[in-house]
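Colleague: I'm new to this one, so could you walk me through it with some questions and answers?
Modeller: Sure, let's put it on the screen and go from there.

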Amino acid sequence: MLVATSCILRSYPLYTTLFRRNMSKLSESQRDTLLKPLLDSNGWAMVTDRDAIKKSYVFSDFNEAFGFMSRVALRADKVDHHPEWFNVYNKVEVTLSTHDCQGLSTRDVDLAKFCDKVAKASKQ
Ligand SMILES: C[C@H](O)[C@H](O)[C@H]1CNC2=NC(N)=NC(=O)C2=N1
């Protein structure tokens, strides 16, 4: 019952407007502990002119690239946090940033890790 009520509430369009937690930009210590590992050893890079991260994925073909995008899109919609991305055939360029705080938040770190997990399970 509790689960059903929660599902109904979450799918209600006003839910995001009324109850969505305002995100704040990553603090300096969060940048050290959460962001640095993505930048140092996972292929993510800072975007030059804004507080955002980007990564290019190359898959075996369009089918794999689109499969990756579909899985990430479902997750993005579920958590109400959406990537900026660009796709040509087997290549997907992903940029992550949070509109709410006009910069990087923990939501970007979480989605970046999810993208990496999905890509790892795809043919590259
Ligand atoms: C109203 C709606 O919840 C917001 O615009 C959501 C949707 N998707 C989002 N995606 C991203 N990347 N950042 C946001 O702040 C964000 N906010």
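Colleague: Let me start with strand 3: how many of its five residues are buried?
Modeller: Keep in mind that this is a predicted model. Strand 3 covers residues 84-88. It lies largely in the open, because the number of its five residues that are buried is zero.

Colleague: Okay, let me step back. In what order do the helices and strands come along the protein chain?
Modeller: There are five helices and four strands to place. Reading from the N terminus on, the elements run α-α-α-β-β-α-β-β-α.

Colleague: And in what order do the four strands sit in the sheet?
Modeller: You can work it out from the pairs. Strand 1 (residues 45-46) pairs with strand 2 (residues 53-58) over two bridges, strand 2 pairs with strand 4 (residues 91-96) over six bridges, and strand 3 pairs with strand 4 over five bridges. The pairing is antiparallel, and the sheet is an open one with the order 1-2-4-3.

Colleague: Which strands are the edge strands, then?
Modeller: The order in the open sheet is 1-2-4-3. An edge strand here pairs on one side only, and that holds for strand 1 and strand 3.

Colleague: I'd like to find the pairing of strand 2 and strand 4 by eye. Which residue is the bridge partner of Ser56?
Modeller: Those two strands run antiparallel, with six bridges between them. One place to look is Val58, which stands opposite Lys91 in strand 4. For Ser56, the bridge partner in strand 4 is Glu93.

Colleague: What about the other side of strand 2: which residue there stands opposite Met46?
Modeller: Strand 1 and strand 2 form a hairpin, with six residues between them. They pair in the antiparallel sense over two bridges. Opposite Met46, in strand 2, you'll find Ile53.

Colleague: Which residue takes a positive phi in the hairpin of strand 3 and strand 4?
Modeller: That hairpin has two residues between the strands. The strands themselves pair over five bridges, and the bridge partner of Glu84 in strand 4 is Thr95. The residue with the positive phi, near 45°, is Tyr89.

Colleague: Now the loops. Is Asp80 buried or exposed?
Modeller: Asp80 sits in the loop between helix 4 and strand 3. Its phi is positive, about 55°, although it is not a glycine. Asp80 has 11 C-beta neighbours inside 10 Å, and the cut-off is 12 or fewer, so Asp80 counts as exposed.

Colleague: Which residue in the loop between strand 4 and helix 5 should I look at?
Modeller: There's one there with a positive phi of about 50° although it is not a glycine. It is exposed, because it has 12 other C-beta atoms within 10 Å. That residue is Gln102.

Colleague: On to helix 5: how far does it reach from its first C-alpha to its last?
Modeller: Helix 5 has 15 residues. At 1.5 Å a residue, the expected value is 21 Å, and the helix comes close to that. Its reach is 21 Å.

Colleague: What covers the buried residues of helix 5?
Modeller: The buried residues are Arg107, Asp108, Val109, Leu111, Ala112, Cys115 and Ala119. Helix 5 lies across strand 2 and strand 4, running at about 165° to strand 4. What covers those buried residues includes helix 3, strand 2, helix 4 (62-79) and strand 4.

Colleague: At what angle do helix 3 and helix 5 pack?
Modeller: Helix 3 is residues 28-41, helix 5 is residues 106-120, and their axes are 10 Å apart. The crossing is left-handed. The angle is about 40°.

Colleague: Which residues make the contact between helix 3 and helix 5?
Modeller: By class, the contact has five nonpolar, one polar and no charged residues. On helix 3 they are Leu34, Leu35 and Leu38, and on helix 5 they are Thr106, Val109 and Ala112.

Colleague: Last one: how far apart in space are Lys113 and Leu26?
Modeller: Lys113 is in helix 5, and it is partly exposed, with 15 other C-beta atoms within 10 Å. In sequence, Lys113 and Leu26 are 87 residues apart. In space, C-alpha to C-alpha, they are apart by 16 Å.

Terms used
Residues numbered from 1 in each chain as written. Predicted model: local features only at pLDDT ≥ 70, side-chain atom pairs only at ≥ 80, totals over all residues. Axes fitted to C-alpha atoms, helices over the stretch in contact; angles between N-to-C directions. Left-handed = near helix turned anticlockwise from the far one by under 90°. Contact = placed C-beta atoms within 7 Å. Nonpolar A, V, L, I, M, F, W, Y, C, P; charged D, E, K, R; others polar. Pairing = 2+ DSSP bridges. Expected span 1.5 Å × (residues − 1). Buried ≥ 20, exposed ≤ 12 C-beta atoms within 10 Å, placed from the backbone.
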